[in-house]
Amino acid sequence: MASEPMSFLDLDRTGDADSSWLLDLVLPEIGGGRLDESHLAVIGENPSARGLRVSGLDQPTFESLIAGYGTQFSAIEFWKCPRIADLSPLEDLPDLQLVAFYWNQRTTRLWNLSRSTSLTGLQFDDFTRLHDLRDLQAGASLRELSFGDKVWSRSVFQSLGPLATLDSLRSLKFSAKRIDDGRIEPLGELTRLEELTFPANLFTTRQVAWLRARLPASVRSESLGPVVFFNQPPENGEKVQDALLVGKGKPFLDSVTDAARIRKHVDGFFQMVEDFRRDPALKPD
């Protein structure tokens, strides 16, 4: 059995295996509650815990947690801590390997990731005020990165440009309502990716075809194909929209009655992929 989490998959499986390494301080309130110093004292009673899941932190209790107990953990999941405005105390934990955040309403940036030299995994979802991803470009050790929308489709990011420097990245999953500069090209620099997920309607079909031509064929990704199919059985013989054409503004279709239209889209997509492979100088827009 693992004695500590090595990836986000380990955190996801905590209910299926021996997770004695995980200390859960998530409060039952829907909004995450409000955790105080008395809750933090429980950490001192569990010195063998290497993973922490916690909710309800405000800025002072966040800083107390990091200063008093942060070095104990290799992984911390901040579940519903919307009142934390400054994440820079994490810079004092160079041995931290995994950090996950869900829901923040105050911070406008991450932290100086060049000081998080052991950080291999980072998640941050539903950060309502964070639009600039430039802090990510210092995440040289990152192998897993996930960010954007988990519940609300509201995230807007200025550019994916900072991701282009993440040479160690193996898994990238992100969602957003919009990327302001509209560029997909930074993702084409991530040639060591093994897994990639992004919304089917975030970029144009031509942009996705360019990225498919640019990245290794071994990358696991529905996002790099021409169509996303859904297992949605028909009811009473009615038409079912079970196929989404990949590309900005593309529609949902019925995989049976719209088969010819889908095939035309698929053929056009792979023709574009072939064109991009034959001429690497071609631009995606």
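Guide: One convention before we start: a crossing is left-handed if the near helix is turned anticlockwise from the far one by less than a right angle, and right-handed if clockwise. This is a predicted model: local features need pLDDT of at least 70, side-chain atom pairs count only at pLDDT 80 or more, and totals for chains, interfaces and linings use all residues. Residues are numbered from 1 along each chain as its sequence is written, and side-chain values use heavy atoms, with hydrogens and water left out.

Visitor: What does the secondary structure of the protein chain come to?

Guide: Helices (H or I, at least four residues) and strands (E, at least two) are DSSP runs, numbered from the N terminus. Counted that way, the protein chain comes to five helices and 13 strands.

Visitor: What percentage of the 285 residues count as buried?

Guide: Buried means under 20% relative accessible area, exposed over 50%, and partly exposed in between (1.4 Å probe, protein chains only). With that cut-off, the buried share of the 285 residues is 48%.

Visitor: Which are the edge strands of the sheet of eight strands?

Guide: Two strands pair if DSSP finds at least two bridges between them. Eight strands form an open sheet with parallel pairing, in the order 1-2-3-4-5-6-8-10. Pairing on one side only are the edge strands, strand 1 (22-25) and strand 10 (195-197).

Visitor: What stands opposite Ser171 in strand 10?

Guide: Strand 8 (residues 171-174) runs parallel to strand 10, joined by three bridges. Facing Ser171 from strand 10 is Glu195.

Visitor: Is the crossing of helix 2 and helix 3 left-handed or right-handed?

Guide: Axes are lines fitted to C-alpha atoms (for helices over the stretch in contact), and angles run from 0 to 180 degrees between N-to-C directions. Helix 2 (residues 37-44) packs against helix 3 at an angle of about 20 degrees, axes 11 Å apart. That makes the two helices roughly parallel, since angles under 35 degrees count as roughly parallel, over 145 as roughly antiparallel, 65 to 115 as roughly perpendicular and the rest as oblique. As for the hand of the crossing, it's right-handed.

Visitor: By class, what does the contact of helix 2 with helix 3 have?

Guide: Contact means heavy atoms within 4.5 Å. Helix 2 brings Glu37, Leu40, Ala41, Ile43 and Gly44, while helix 3 brings Thr61, Ser64, Leu65 and Tyr69. Ala, Val, Leu, Ile, Met, Phe, Trp, Tyr, Cys and Pro count as nonpolar, Asp, Glu, Lys and Arg as charged, and the others, Gly among them, as polar. So the classes are five nonpolar, three polar and one charged.

Visitor: Does Thr61 count as buried or exposed?

Guide: Thr61 sits in helix 3 (residues 59-69). Leaving aside neighbours within four places in sequence, Thr61 is in contact with Leu35, Asp36, Glu37 and Leu40. Because its relative accessibility is 7%, Thr61 counts as buried.

Visitor: And how far apart in space are Leu57 and Lys80, C-alpha to C-alpha?

Guide: Leu57 lies in the loop between strand 2 (51-54) and helix 3, and at 0% relative accessibility it counts as buried. Beyond four places in sequence, the contacts of Leu57 include Phe78, Cys81, Arg83 and Ile84. Leu57 and Lys80 are 23 residues apart in sequence, and their C-alpha distance is 8.2 Å.

Visitor: What stands opposite Leu244 in strand 13?

Guide: Strands 11, 12 and 13 form an open antiparallel sheet in the order 11-12-13. Strand 12 (residues 243-245) pairs with strand 13 over two bridges. Opposite Leu244 in strand 13 is Phe252.
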